Amino acid sequence: MKLAPRVRKAVLTLHIVSAGAWIGIDVLVAVLVGVGLSGGSDAARGLALRALAEYVVSPMLVSALVCLGSGLLLGLATKWGLVRYWWVAVKLVMNVLLCVLIVVALRPGMPEVGAAGEAIEAAQVPATDVSFLVFPPTVSLTVLAAATLLSVYKPWGRVRQAAQGLTAVNAGA
Ligand code: HEM
């Protein structure tokens, strides 16, 4: 499959915009988690947790899936391939892993986070400890920063060359 140059540029633009949106949503998550866990009045903490529970996970998943879909298209339709170069293959694993984590680990916990927000607003002690919320933005922002670095520097060369090099070393030994 090959894309016309203008189409490839349009898909690349979509890819970069979706990656940027995803990172932006993660920064918003970090802010809401920061307010919800540590800062301010009960009203502010409760509102931050409720906003997090209600409005954030779906746009995050959509931007992650658009990034994945456009990345797959770019990989398949350009010289880069999906598992031809390490920087693309590693990004593919990162993107799929983060999507799975959003669906399997983050989304199911949101009703409890919303309930904790309501409890805090009512000056009650929440039934669930939501301090685990520190991890999602930390992990996701770290992985997405790494994926951005991989995209810009494109390190480590071709997958098969590395495999051939290993075979040559083994044959020599
Ligand atoms: C994990 C999240 C991802 C982020 C943050 C990300 C970010 C980026 C960025 C910023 C670029 C532009 C680099 C440049 O033009 O110099 C890029 C290009 C690219 N990305 Fe991603 N990407 C991600 C996931 C993926 C996935 C899953 C794939 C494919 C499986 C992929 C495949 C590509 C390819 C092939 C290009 C180069 C396109 C071209 O120049 O024709 N990316 N990515």
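Start by selecting Ser 140 and showing what surrounds it: beyond residues up to four places away in sequence, Ser 140 touches Trp 22, Asp 26 and Leu 98. Keep in mind as you click around that this is a predicted model. Ser 140 itself is found in helix H6. Is Ser 140 buried or exposed? It counts as buried because its relative accessibility is 8%, and the cut-off for buried is under 20%.

**Next stop: the ligand**

Now pick the ligand and turn on a pocket surface if your viewer has one. The space that the ligand takes up is the largest pocket. Colour by secondary structure here, and look for the elements that give two or more residues to the shell around the ligand: helix H1 (5–37), helix H3 (57–77), helix H4 (86–106) and helix H6 (135–153). So H6, where you found Ser 140, is back in view as one of the helices that supply the shell.

Expand the selection to the residues around the ligand and you should have 25 of them. Which of them come nearest? Look for Arg 8, His 15, Lys 91, Ser 151 and Lys 154. Recolour the shell by residue class and you get 15 nonpolar, seven polar and three charged residues.

Time to draw some distances:

- Arg 8: a polar atom of its side chain lies 2.3 Å from a ligand oxygen atom.
- Lys 91: an N or O atom in the side chain is 2.7 Å from a nitrogen atom of the ligand.
- Lys 154: here the partner is a ligand oxygen atom, 3.1 Å from an N or O atom in the side chain.

**Stay on Lys 154**

Don't clear Lys 154 just yet. Follow the backbone and you'll see that Lys 154 lies in the loop between H6 and helix H7 (159–172). Check its backbone torsions too: phi of Lys 154 is near 45 degrees, a positive value in a residue other than glycine. As for accessibility, Lys 154 is partly exposed, with a relative accessible area of 35%.

**Another positive phi**

Where else can you find a residue other than glycine with a positive phi? Select Ala 123, whose phi is near 60 degrees. Ala 123 lies in the loop between helix H5 (110–121) and H6. What class of accessibility does Ala 123 have? Ala 123 is exposed, at a relative accessible area of 62%.

**Over to helix H2**

Jump to Ala 53, placed in helix H2 (residues 42–55). With 19% relative accessibility, Ala 53 counts as buried; the cut-off is under 20%. Show its contacts, leaving out residues up to four places away in sequence, and Met 110, Val 113 and Gly 114 light up. For a distance check, measure from Ala 53 to Ala 115: these two are 62 residues apart along the chain, and their C-alpha atoms are separated by 8.8 Å.

**Last stop: the start of the chain**

Finish at Met 1, in the segment before H1. Buried or exposed, what is Met 1? Met 1 is exposed, with 62% relative accessible area. Exposed or not, Met 1 has partners to select: setting aside neighbours within four places in sequence, Met 1 is in contact with Leu 73, Leu 76 and Ala 77. One more pair to try is Met 1 and Leu 68, which are 67 residues apart in sequence and 18 Å apart in space, C-alpha to C-alpha.

Definitions and conventions. Residues are numbered from 1 along each chain as its sequence is written. This is a predicted model: local features need pLDDT of at least 70, side-chain atom pairs count only at pLDDT 80 or more; totals for chains, interfaces and linings use all residues. Side-chain values use heavy atoms; hydrogens and water are left out. A residue is near a molecule or strand if one of its heavy atoms lies within 4 Å of it. A polar contact is a pair of N or O atoms within 3.5 Å; within protein, one must be able to donate a hydrogen and the other to accept it, and residues adjacent in sequence count only if both atoms are side-chain atoms. On a 1 Å grid over the protein atoms alone, a cavity is a set of points where a 1.4 Å probe fits but cannot get out, and a pocket is an open set with protein on both sides within 12 Å along at least five of seven lines; lining residues have an atom within 4 Å of a point. A molecule sits in a cavity or pocket if more than half of its atoms lie within 2 Å of its grid points. Helices (H or I, at least four residues) and strands (E, at least two) are DSSP runs, numbered from the N terminus. Ala, Val, Leu, Ile, Met, Phe, Trp, Tyr, Cys and Pro count as nonpolar, Asp, Glu, Lys and Arg as charged, and the others, Gly among them, as polar. Buried means under 20% relative accessible area, exposed over 50%, partly exposed in between (1.4 Å probe, protein chains only). Contact means heavy atoms within 4.5 Å.
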